[in-house]
Amino acid sequence: MKKIPVVLFMGLMLLLPLPGAMAQGGGVIFTGGLASSAMGDLKDLQEHILSTYPVDGRVTSSFPPFTTTSLTVFKQYFDYLRVGISYSYSTTGGKSSYQDYSGEVSTEMTATSHRLGAYLSYVILGGDLVDLSLSGSLEANYSSIFIQSRYKVYNYSQQISNRYWSISPSGSIGPELFFKFNKVALGVNAGYLVDLRGELKDNSDGDPLRDPNDRDRVLRSDWSGWYARISLLINLRSL
């Protein structure tokens, strides 16, 4: 937990003037795209829940590539360095179910990630029209997991839901390509996110979510995976 305030502190420090450097304005970057996630523990939990069904159900979705968006506020130093603070949002999930003439049973898992931290981008090939950069981030990652099971047998139905959360440090790195048009640039970026996996705890009482097959082990969220996004950069000289 001590690592999280350090990540946020570093993000704030990046917005301060660098020694010997003159800020050349700043701007914002919006991105949107797709990303994969490991989520090994939650996939195992999904299989365990499926095994408790009184009938042979099936997994219809197991944490597929998900949507991810981000907003970055940065300052430009020299012609090749951007530093700032970035916020990212991601979501994915899984579902298992069974249905026949007598009723149905299903379980849905929804996972969301909120990440806030430091952003750095270094131009390795620049020009009047195109910039190729190596960018990365170091963030605090807050994860929220919602699990809802429901069943219906003839005219009787019931549902049970639980919410869990975790906090973990994470970081990403990858190439970033921008095509420049005056104060606006359009681009793409891709890379790999490493999440150091946070222990999941119940929202209501703070109890850890334990592995049903090993009660000494706590299940963890894991957003590690590849991402690919479309980017829009807007220069704001007043920053």
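This section describes the fold, the internal and open spaces, a surface patch and the salt bridges of a predicted model.

The protein contains two helices and 12 strands. Along the sequence, these elements follow the order α-β-α-β-β-β-β-β-β-β-β-β-β-β. The chain has 239 residues, and 41% of them count as buried.

The search for enclosed space covered the whole structure and returned one cavity of 30 Å³ or more. The largest cavity holds about 270 Å³ of space. Its lining comprises 26 residues, and those closest to the centre are S88, S137, S172, Y227 and R229. Many elements take part. Two or more lining residues come from each of β1 (23-35), β3 (66-77), β4 (81-100), β5 (103-126), β6 (130-153), β7, β8 (184-195) and β12. By residue class, the cavity lining splits into 14 polar, eight nonpolar and four charged residues.

S172, one of the residues closest to the cavity centre, belongs to strand β7. Its relative accessibility is 14%. S172 counts as buried because this value falls under the 20% cut-off. The C-alpha atom of S172 lies 9.4 Å from that of G225, although the two residues are 53 positions apart along the chain.

The largest pocket encloses about 350 Å³ of space. It is lined by 15 residues, with Q76, D131, K180, N235 and R237 closest to its centre. Strands β7 (156-181) and β12 (225-236) each contribute at least two residues to this lining. Both strands also give two or more residues to the lining of the largest cavity. The pocket lining holds six charged, five nonpolar and four polar residues.

Two of the residues closest to the pocket centre, D131 and K180, are paired in a salt bridge. Their closest N and O atoms are 3.6 Å apart. K180 sits in strand β7 and D131 in strand β6, so the contact ties together parts 49 residues apart in sequence. The two partners differ in exposure class. K180 has a relative accessible area of 27% and is partly exposed. D131, at 10% relative accessibility, counts as buried.

In total, the structure contains nine salt bridges. One of them joins D41 to R197, with 3.8 Å between the closest N and O atoms. D41 is in helix α2 (residues 40-51), while R197 is in the loop between β8 and β9 (201-202), so this pair links parts separated by 156 residues in sequence. D41 counts as buried, at 6% relative accessibility. R197 reaches 30% relative accessibility and counts as partly exposed.

The loop between β8 and β9 also holds E199. This residue forms a salt bridge with R220, and the closest N and O atoms are 3.2 Å apart. R220 lies in the loop between β11 (214-218) and β12, so the E199 and R220 pair connects parts 21 residues apart in sequence. E199 counts as partly exposed at 35% relative accessibility. R220 counts as partly exposed at 25%. Shared partners also produce a network: salt bridges join D41, R197, D211 and R217 into one group.

The surface carries a nonpolar patch formed by F78, Y80, Y122, I124, L125, L134 and I173. Together these residues have about 670 Å² of accessible area. Strand β5 gives the most to the patch, with three residues. Y80 is located in the loop between β3 and β4. The relative accessible area of Y80 is 35%, so this residue is partly exposed. The value also meets the patch criterion of over 30% relative accessible area.

Note on methods:
Residues numbered from 1 in each chain as written. Predicted model: local features only at pLDDT ≥ 70, side-chain atom pairs only at ≥ 80, totals over all residues. Heavy atoms only, no water. 1 Å grid on protein atoms, 1.4 Å probe; cavity = no way out; pocket = protein on both sides within 12 Å on 5 of 7 lines; lining within 4 Å. Points joined across faces, edges and corners; volume = space filled by probe spheres on them. Helix = DSSP H or I, 4+ residues; strand = E, 2+ residues; numbered from the N terminus. Nonpolar A, V, L, I, M, F, W, Y, C, P; charged D, E, K, R; others polar. Patch = residues over 30% accessible without salt bridge, like charges linked within 9 Å, V, L, I, M, F, W, Y side chains within 5 Å. Areas by Shrake-Rupley, 256 points an atom, 1.4 Å probe, with all protein chains shown as cover. Salt bridge = Lys/Arg side-chain N within 4 Å of Asp/Glu carboxyl O. Buried < 20%, exposed > 50% of the residue type's maximum accessible area, 1.4 Å probe, protein only.
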